[in-house]
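Let's take a walk through a protein model together. Have your viewer open and follow along at your own pace.

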Amino acid sequence: MQPSKGRPRGGGAGQESRVEPLDGHDPVPAEEAGQLRYDDPWYDALASGWGESSDGAQAQPVVPSARTEGDTEAATAAAADVYLEVQRSAAFQEVRRRYRKFVVPASVAFFTWYVGYVVTATTAPELMARPVAGAVNVAMVAGLGQFLSTFLLTWAYARHARLRRDRAALELRWDTQELTRGVSGGGS
């Protein structure tokens, strides 16, 4: 709560007045109090550069015209048709095929390796306790192998995506955006 500084508490029914000075600052008219000023201590010039021209003056924002409910529904239906068309395209199916061709075998192999480690650790503790080098045993090597295989699989997935899918997916995304822009009349 803010201190009243000797002001009477009112119901707010009175006429609006100027904002009272606080800590020696000049009073600001009430209608300007909510507007952002350059001398505002909370103003961040770097973060607000999108709405300003190069000379520092604020540019007037461009406000798109209001759409009616029918326009919005028609644009949404048309955009949905575009996405369904892209989904049925051969290029999209090829990207999905390449994705599944890597992910399904890699997931099966990793899951098998993980379950094999857990099952072996619970059913064959004497095997896991066998020393490999000094105090390092088979369980420690297999456990570290789990971490290593996770990083290796992550690297392989990123490489596969970069070499085999990213370019085709980016072209599909670009085509889809162009098609939806054409359907919605270039408004967005």
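Is Gln146 buried or exposed? Gln146 is buried, at a relative accessible area of 9%. Please keep in mind throughout that this model is predicted. You will find Gln146 in helix α5, which spans residues 138-183. Setting aside residues within four places in sequence, the contacts of Gln146 are Phe110, Trp113, Tyr114 and Tyr117. A relative accessible area of 9% falls under the 20% cut-off, and therefore Gln146 counts as buried.

With that residue located, let's step back to the whole chain. The protein chain has 5 helices and 2 strands. Reading from the N terminus, the order of the elements is α-α-α-α-β-β-α. There are 188 residues in the protein chain, and 13% of them count as buried. The accessible area of the chain comes to about 15,400 Å², with carbon and sulfur atoms supplying 60% of it. If you like contact maps, here is a figure for you: taking contacts between residues at least 6 apart in sequence, 48% join residues at least 24 apart.

Let's stay with helix α5 a little longer. Thr176 also has its place in helix α5, and Thr176 counts as buried, at 7% relative accessibility. What does Thr176 touch, not counting residues up to four places away in sequence? The answer is Val82, Tyr83 and Val86. Another residue found in helix α5 is Glu171. Glu171 is partly exposed, with a relative accessible area of 49%. Why does Glu171 count as partly exposed? Exposed means over 50%, so a value of 49% leaves Glu171 in the partly exposed class. Try drawing a distance from Glu171 to Phe92: the two C-alpha atoms are 10.0 Å apart in space, while the residues are 79 apart in sequence.

Now for the aromatic rings. A pair of aromatic rings is described by the distance of the centres and the angle of the planes. How many aromatic pairs does the count come to? The count comes to 1 aromatic pair. Its members are Phe102 and Tyr157, with 5.9 Å from centre to centre and 50 degrees between the planes, and the pair is tilted. This pair links distant parts of the chain, as Phe102 sits in helix α3 and Tyr157 in helix α5, 55 residues apart. The two partners fall into separate accessibility classes: Phe102 is buried, with a relative accessible area of 19%, whereas Tyr157 is partly exposed, with 33%. For Phe102, the 19% lies under the 20% cut-off, so this residue is in the buried class.

Helix α3 runs over residues 90-123, and it is worth a visit of its own for its charged side chains. The structure holds 2 salt bridges. In one of them, Glu94 is joined to Arg97, with the closest N and O atoms 2.6 Å apart. Glu94 and Arg97 are 3 residues apart in helix α3, so about one helical turn separates them. A salt bridge also brings together the side chains of Arg98 and Glu94, at 3.0 Å from N to O. Arg98 and Glu94 both lie in helix α3, 4 residues apart, again about one turn of the helix. Glu94, Arg97 and Arg98 are thus linked in a network of salt bridges. How does this trio stand in terms of accessibility, and what are the values for Glu94, Arg97 and Arg98? Glu94 is partly exposed at 28% relative accessibility, Arg97 is partly exposed at 38%, and Arg98 is partly exposed at 30%.

Our last stop is a patch on the surface. Phe111, Tyr114, Val115, Val118 and Val119 form a nonpolar patch there, with about 430 Å² of accessible area together. Val115, one of its members, has its place in helix α3. Val115 is partly exposed, with a relative accessible area of 31%. Patch members need over 30% relative accessible area, so Val115 passes that cut-off with its 31%. Tyr114 will be familiar from the start of the walk: this member of the patch is also one of the residues in contact with Gln146.

Methods:
Residues are numbered from 1 along each chain as its sequence is written. This is a predicted model: local features need pLDDT of at least 70, side-chain atom pairs count only at pLDDT 80 or more; totals for chains, interfaces and linings use all residues. Side-chain values use heavy atoms; hydrogens and water are left out. Patches are made of residues with over 30% relative accessible area and no salt bridge: like charges are joined within 9 Å, nonpolar side chains (Val, Leu, Ile, Met, Phe, Trp, Tyr) within 5 Å. Accessible areas come from the Shrake-Rupley method with a 1.4 Å probe; for residues, only the protein chains shown count as cover. A salt bridge is a side-chain nitrogen of Lys or Arg within 4 Å of a carboxyl oxygen of Asp or Glu. Buried means under 20% relative accessible area, exposed over 50%, partly exposed in between (1.4 Å probe, protein chains only). Rings of Phe, Tyr and Trp (its six-membered ring) pair if their centres lie within 6.5 Å; planes under 30 degrees apart count as stacked, over 60 as edge-to-face and the rest as tilted. Contact means heavy atoms within 4.5 Å.
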